[in-house]
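Thanks for sharing this one. Here are some notes to read with the model open beside you, arranged as numbered points.

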Amino acid sequence: MDAGSPSRPSPADLAAAQDKTIPDVIGPGLRVLFCGINPGLWSGATGQHFARPGNRFWPALHRSGFTPRQLRPDEQREMLELGLGITNVAARTTAKADQLTAEELRTGGRALVERVEQYQPRVLAVLGIGAYRTAFGRPRTTIGPQPERIGDTAIWVLPNPSGLNAHYTLDALASEFRVLREALEAGSI
């Protein structure tokens, strides 16, 4: 990114970010591993998950009670101290998730299972019902807890927090995140 604008990628930065990958925020013993569909161009340009202004992941995470304050994308590593992490179904950055092929999502789903088996979070929270349906071959999946598990890891599907997801307001997203947090705290998952 250009030196004059450290937090806002230039158009050239965004163009150069196409098809990049960014590191997961992950470690052993997580309460929840949040899993996006794939990084967007802002994330690819900054190296930070859910970095695009208008993405509602960080506000929903805070409003639901998962974080004591609203974290910024550049503070993503602080999630580990809270027992939270971030990964993606597909690793490569795109302008929009619909630029991924079904095969990329299925391949990403298999790689995600391997990550979950390695790190064993208590819950895998997939952020995007369509991506989950394709990646895991579950066409009838609904938002919420899923009947299947990956080893001892429960699976929970949440709405996609992208600003492009007009089906959910920020309050509705935070409410869905809160249901997951309350189930964790109650020990029901």
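1. A word on terms before we start: contact here means heavy atoms within 4.5 Å. With that in hand, arginine 181 is in contact with Ser64, Gly65 and Phe66, once its neighbours within four places in sequence are left aside. Please keep in mind throughout that this is a predicted model.

2. Staying with arginine 181, you will find this residue in helix H6, which covers residues 170-186. Is arginine 181 buried or exposed? Its relative accessible area is 14%, and because the limit for buried is under 20%, arginine 181 counts as buried. Its side chain also makes a polar contact of 2.8 Å with the side chain of glutamate 185.

3. Histidine 62 is worth a look next. This residue sits in helix H3 and is partly exposed, with a relative accessible area of 27%. Not counting residues up to four places away in sequence, histidine 62 touches Thr67, Pro68, Arg69 and Gln70. For one of these, arginine 69, the backbone nitrogen lies 3.3 Å from a polar atom of the histidine 62 side chain. There is a long-range pair here too: histidine 62 and phenylalanine 177 are 115 residues apart in sequence, yet their C-alpha atoms are 9.4 Å apart in space.

4. Now to glutamate 148, in strand S4 (residues 144-150). Which residues does glutamate 148 contact, leaving aside neighbours within four places in sequence? They are Tyr132, Arg138 and Ile155. Two side-chain polar contacts fill in the picture: one of 2.6 Å with tyrosine 132, and one of 3.3 Å with arginine 138. With a relative accessible area of 17%, glutamate 148 is buried.

5. The strand that carries glutamate 148 has a partner. S4 runs antiparallel to strand S5 (residues 153-158), and 4 bridges join the two. If you want a register mark, glycine 144 stands opposite valine 157 in S5. The two strands form a hairpin with 2 residues between them, and glycine 151 in the turn has a positive phi of about 65 degrees.

6. Two residues other than glycine deserve a backbone check, I think. Aspartate 19 has a positive phi, near 70 degrees, and is found in the loop between helix H1 (11-17) and strand S1 (32-36). Phenylalanine 50 also has a positive phi, about 50 degrees, and belongs to the loop between H2 and helix H3 (57-63). How do their surroundings compare? Aspartate 19 is partly exposed at 46% relative accessibility, whereas phenylalanine 50 is buried at 12%.

7. Finally, the largest pocket, with a volume of about 820 Å³. Its lining has 36 residues, and the closest to its centre are Lys96, Ala97, Asn160, Ser162 and Leu164. Which elements give two or more residues to that lining? They are helix H2 (41-46), strand S2 (84-88) and helix H5 (129-136). By class, the lining of the largest pocket has 17 nonpolar, 16 polar and 3 charged residues.

Conventions. Residues are numbered from 1 along each chain as its sequence is written. This is a predicted model: local features need pLDDT of at least 70, side-chain atom pairs count only at pLDDT 80 or more; totals for chains, interfaces and linings use all residues. Side-chain values use heavy atoms; hydrogens and water are left out. On a 1 Å grid over the protein atoms alone, a cavity is a set of points where a 1.4 Å probe fits but cannot get out, and a pocket is an open set with protein on both sides within 12 Å along at least five of seven lines; lining residues have an atom within 4 Å of a point. Grid points are joined across faces, edges and corners, and a volume is the space filled by probe spheres set on the points. Ala, Val, Leu, Ile, Met, Phe, Trp, Tyr, Cys and Pro count as nonpolar, Asp, Glu, Lys and Arg as charged, and the others, Gly among them, as polar. Buried means under 20% relative accessible area, exposed over 50%, partly exposed in between (1.4 Å probe, protein chains only). A polar contact is a pair of N or O atoms within 3.5 Å; within protein, one must be able to donate a hydrogen and the other to accept it, and residues adjacent in sequence count only if both atoms are side-chain atoms. Two strands pair if DSSP finds at least two bridges between them.
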